[in-house]
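Thanks for coming. I have one structure to go through today, and I will put it on the screen now.

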Amino acid sequence: MDPQKEARTPGDPVARPLASRSPTPNEEERWEGGAGPAAAALDEEADRATADGLWELPVEPAARRPECSRCSRPQKVCLCPFLPVHPLHISTHLYIIQHPAEESKVLRTVPLLAACLPQDKCKVKIGRRFSEERDPELSTVCRKSGTLILYPGAEAANLEDFILDSPIYPSTIIIIDGTWSQAKDIFYKNSLFRLPKQTLLRPLQALCSFQLQHGAQIRLSKEHLLKNGLYPKPMPKNKRKLRKMELLMNSVKI
């Protein structure tokens with residue numbers, strides 16, 4: 001260890017050397033009035049000491065607003081008066097797969113859904129990656145014939161049609177909570193979620209149609225743009241990124 005260097009803890013102040021600089025116009029005026037560089041240096045030291053003293057003042061942590069224990073909303077904007085007084089009785093079990101980024105959002109809706117249903121009918125699992133080893137319970141659920149996953153994939157069927165055509169009434173529905181890109185990432189990077197049959201609700205289709213009729217723009221996926229030669233950006237030079245592009249063009253889910 002260099003003897004000239006002293007060890008310090010993260011809480012110890014670090015000595016900052018004085019940086020040499022040219023005098024400011026105010027300093028030149030003080031010098032012309034009789035105050036020399038030595039007096040200016042003393043003034044600068046006093047200002048620096050005052051500034052350093054401000055850093056040592058205690059910082060009060062920001063107090064969080066009290067939250068409702070049921071809907072997880074701040075008590076001033078609690079939504080419990082608009083929720084059912086008693087949990088709704090349903091025959092289907094819901095598994096909510098929530099992306100970690102959704103947990104901290106202000107207007108999250110999963111706590112509202114959980115507040116409306118019995119605890120044994122609605123389970124929330126937070127994460128990006130799930131496997132049989134990490135979550136054997138979820139693995140068992142995904143392998144059951146009566147389990148559906150709500151995902152608008154190419155093989156998705158309307159839930160109403162599935163109930164009419166299938167002799168088995170769905171006992172469990174898996175819902176992915178996140179943005180479109182987050183849901184796609186969770187769906188394709190967890191093989192467990194490709195075991196259940198994919199379903200799509202008609203209300204979701206109606207919502208998309210309503211948005212398009214009122215100014216929403218259709219955004220084509222990168223996969224579609226690459227396949228049809230419409231991708232506007234130059235191909236990446238990085239080999240790893242270029243490999244991902246090739247997999248998308250060959251319809252290989254990555």
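Start with Glu 137 and Lys 123, whose side chains meet in a salt bridge at 2.7 Å, N to O. Glu 137 sits in helix α5, residues 136-142, and Lys 123 in strand β2, residues 122-126, so this pair ties together parts that are 14 residues apart in sequence. Keep in mind that this is a predicted model, so the distances I quote are computed from predicted coordinates.

Are these two residues buried or exposed, or something in between? Glu 137 is partly exposed, with a relative accessible area of 33%. Lys 123 is also partly exposed, at 35%.

The next pair is Asp 135 with Lys 125, a salt bridge of 3.1 Å, N to O. Asp 135 lies in the loop between β2 and α5, and Lys 125 lies in strand β2, so the pair ties together parts that are ten residues apart in sequence. Both Asp 135 and Lys 125 are buried. The four residues I have named so far, Lys 123, Lys 125, Asp 135 and Glu 137, are linked in a network of salt bridges.

How many salt bridges are there in the whole structure? The search finds six. One more that I want to show is Lys 189 with Asp 185, where the closest N and O atoms are 3.2 Å apart. Lys 189 is partly exposed, with a relative accessible area of 41%, and Asp 185 is partly exposed at 23%.

Asp 185 brings us to helix α7, which covers residues 180-188. Which residues of this helix are buried? They are Gln 182, Ala 183, Ile 186, Phe 187 and Tyr 188. What do they pack against? The elements are β1, α3, β3 (147-150), β5 (172-177) and β6 (197-200).

Two of those helix residues, Gln 182 and Ile 186, turn up again among the contacts of His 99. Setting aside neighbours within four places in sequence, His 99 is also in contact with Gly 127, Arg 128 and Asp 177. Where is His 99? The residue is in the loop between β1 (93-98) and α3 (100-103). His 99 has 7% relative accessibility, and it counts as buried because the cut-off for that class is under 20%.

On the other side of β1 in sequence is Thr 92, in the loop between α2 (37-55) and β1. Thr 92 is buried as well, with a relative accessible area of 12%. Not counting residues up to four places away in sequence, Thr 92 touches Lys 121, Tyr 169, Pro 170, Ser 171, Thr 172 and Ile 173. Take the last of these: Thr 92 and Ile 173 are 81 residues apart along the chain, and their C-alpha atoms are separated by 7.2 Å.

For the chain overall, among contacts between residues at least 6 apart in sequence, 67% join residues at least 24 apart. The protein chain has ten helices and six strands. Of its 254 residues, 26% count as buried. The accessible surface comes to about 18800 Å², and 57% of that belongs to carbon and sulfur atoms.

Now the surface patches. A nonpolar patch is formed by Leu 212, Ile 218, Leu 220 and Leu 230, with about 400 Å² of accessible area together. Ile 218 is in the loop between α8 (202-213) and α9. With a relative accessible area of 63%, Ile 218 is exposed.

There is also a positive patch, made of Lys 222, Lys 233, Arg 240, Lys 241 and Lys 244. Which helix gives the most to this patch? Helix α10, residues 239-249, does, with three residues. Lys 222 belongs to helix α9, residues 222-227, and at 40% relative accessibility Lys 222 counts as partly exposed.

Helix α10 also holds Leu 247. Leu 247 counts as buried, at 16% relative accessibility. The C-alpha atoms of Leu 247 and Glu 223 are 9.2 Å apart in space, and the two residues are 24 apart in sequence.

To go back to where we began: the network of Lys 123, Lys 125, Asp 135 and Glu 137 includes a buried pair, Asp 135 and Lys 125. That is what I have for today.

Key:
Residues are numbered from 1 along each chain as its sequence is written. This is a predicted model: local features need pLDDT of at least 70, side-chain atom pairs count only at pLDDT 80 or more; totals for chains, interfaces and linings use all residues. Side-chain values use heavy atoms; hydrogens and water are left out. Patches are made of residues with over 30% relative accessible area and no salt bridge: like charges are joined within 9 Å, nonpolar side chains (Val, Leu, Ile, Met, Phe, Trp, Tyr) within 5 Å. Accessible areas come from the Shrake-Rupley method with a 1.4 Å probe; for residues, only the protein chains shown count as cover. Lys and Arg count as positive and Asp and Glu as negative; His and the chain ends are not counted. The place of a charge is taken as NZ of Lys, CZ of Arg, CG of Asp or CD of Glu. Helices (H or I, at least four residues) and strands (E, at least two) are DSSP runs, numbered from the N terminus. Buried means under 20% relative accessible area, exposed over 50%, partly exposed in between (1.4 Å probe, protein chains only). Contact means heavy atoms within 4.5 Å.
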